[in-house]
Amino acid sequence: MRVLSGIQPTGRFHWGNYFGAIRQYIDLQHGNESYIFIANLHALTTIRDRDQLTQNTLDAALDLVALGLDPAKATLFVQSEVPEVTELTWLLMSITPMGLLERCVSYKDKAAKGIAADAGLFTYPVLMSADILIYDSEVVPVGADQIQHVEVARDIAGSFNHLFGETFVLPKYKVLETAAKVPGTDGEKMSKSYNNTIEIFEEPKAMRKKIMRITTDSRPMDQPKEPDTDHLFQLYSLFASDAQRDEMAALYRRGGFGYGQVKTALADVAENYFAAARAKRAELAANPQQMSDILADGARRARKKAGEVLARAKKACGVAR
Ligand code: ADP
Ligand code: TRP
């Protein structure tokens with residue numbers, strides 16, 4: 001199966017990104033032809049600070065490889081390093097009805113909030129369609145908020161094929177594990193926009209501090225508590241072994257413990273869980289040439305496929321000789 005997904009470099013990745021998306025991308029590298037890219041052109045619709053965008057893009061690449069994305073198995077690249085994708089965007093834009101984009105929630109939500117939209121934000125789903133179609137992607141794993149955009153890609157591919165003959169593979173989305181909605185430090189969904197995140201590669205000391213600030217109820221020490229509805233327990237479960245989780249659940253049900261104890265246990269398992277990745281990241285960061293070679297090689301492989309599909313599309317619609 002040819003699988004593709006992109007992730008925007010809008011900030012350092014947090015636990016929600018890892019358990020909700022990154023971990024699945026990494027799993028998909030086994031037994032599939034997989035393309036994973038850092039969507040820096042999409043991030044340009046929100047980040048207007050050159051140094052920050054450059055740094056975020058590099059950080060995203062370091063994080064992904066440190067966490068186990070294997071550049072020998074998956075093609076890892078930066079979106080802007082495959083210029084064919086922006087050329088295809090124009091071909092697709094030319095046959096995309098305004099109404100299709102006006103219906104996209106990502107745009108509608110911002111417009112409804114009175115945020116001034118630029119053409120980049122409005123046409124964002126067309127660039128995303130080009131991202132998908134240019135690699136003949138069959139399956140696109142995404143979070144629930146991106147399903148509509150994959151459907152747009154499928155619509156546009158269908159119209160193009162109808163107008164100009166069979167050109168594009170019709171992609172299908174695959175919703176990433178929705179059960180793993182990771183709670184943030186306030187118990188709401190962990191998200192950059194809620195300011196409740198714990199970053200994967202946060203310094204251990206700072207990470208402990210954030211964990212200690214996770215909100216809890218005012219249950220007295222001696223009272224038992226149902227673990228499954230407690231966000232602190234949910235976070236602990238993400239990192240703990242089955243035996244550790246069962247033991248903690250029993251402690252909750254028995255009562256007589258303090259939340260401080262659970263927080264310390266969470267900090268310990270989380271630190272341990274990412275210890276190897278943290279060491280790998282430090283090693284990669286110390287050798288910038290290596291990361292640069294990985295991304296150059298990824299872009300080279302991606303461009304090879306993108307060039308073929310773009311040529312096919314240009315020929316189909318009559319803009320190639
Ligand atoms: P944020 O909400 O912090 O801005 P993004 O929207 O950039 O995060 O999410 C990138 C990916 O991580 C998406 O696939 C999204 O579904 C996943 N993700 C983000 N936060 C969570 C969470 N709390 N639980 C599960 N998955 C998440
Ligand atoms: N829009 C996606 C997001 O914000 C990122 C993305 C860009 C993407 N191009 C893509 C995801 C192509 C899947 C396929 O999360």
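Start by selecting threonine 197 and glutamate 199: their side chains make a polar contact, at 2.7 Å. Keep in mind as you click around that this is a predicted model.

Stay on threonine 197 and zoom out a little. You're in the loop that runs between strand 5 (172-175) and helix 10 (204-212). Is threonine 197 buried or exposed? Its relative accessibility is 10%, so it counts as buried, the cut-off being under 20%.

Now show what threonine 197 touches. Leaving aside residues up to four places away in sequence, you should pick up His14, Met190, Ser191, Lys192 and Lys210. Keep His14, Met190, Ser191 and Lys192 highlighted, as they come back at the next stop.

Next, select ligand 1 and bring up its surroundings. There are 13 residues around it, and those that come nearest are His14, Val182, Met190, Ser191 and Lys192. Colour that shell by class and you'll get four nonpolar, six polar and three charged residues.

Which backbone atoms should you look at around the ligand? Try these three, each paired with a nitrogen atom of ligand 1:

- Glycine 16: a polar backbone atom sits 3.2 Å from a ligand nitrogen.
- Valine 182: here the distance from a polar backbone atom to a ligand nitrogen is 2.9 Å.
- Methionine 190: again a polar backbone atom, with a ligand nitrogen 2.9 Å away.

For the last stop, switch on a surface over the protein with ligand 1 still shown. On its own, the ligand has 540 Å² of accessible area, and the protein covers 81% of that.

How values were computed:
Residues are numbered from 1 along each chain as its sequence is written. Chains are lettered from A and ligands numbered from 1 in the order in which they are written. This is a predicted model: local features need pLDDT of at least 70, side-chain atom pairs count only at pLDDT 80 or more; totals for chains, interfaces and linings use all residues. Side-chain values use heavy atoms; hydrogens and water are left out. Helices (H or I, at least four residues) and strands (E, at least two) are DSSP runs, numbered from the N terminus. Buried means under 20% relative accessible area, exposed over 50%, partly exposed in between (1.4 Å probe, protein chains only). A polar contact is a pair of N or O atoms within 3.5 Å; within protein, one must be able to donate a hydrogen and the other to accept it, and residues adjacent in sequence count only if both atoms are side-chain atoms. Contact means heavy atoms within 4.5 Å. A residue is near a molecule or strand if one of its heavy atoms lies within 4 Å of it. Accessible areas come from the Shrake-Rupley method with a 1.4 Å probe; for residues, only the protein chains shown count as cover. Ala, Val, Leu, Ile, Met, Phe, Trp, Tyr, Cys and Pro count as nonpolar, Asp, Glu, Lys and Arg as charged, and the others, Gly among them, as polar.
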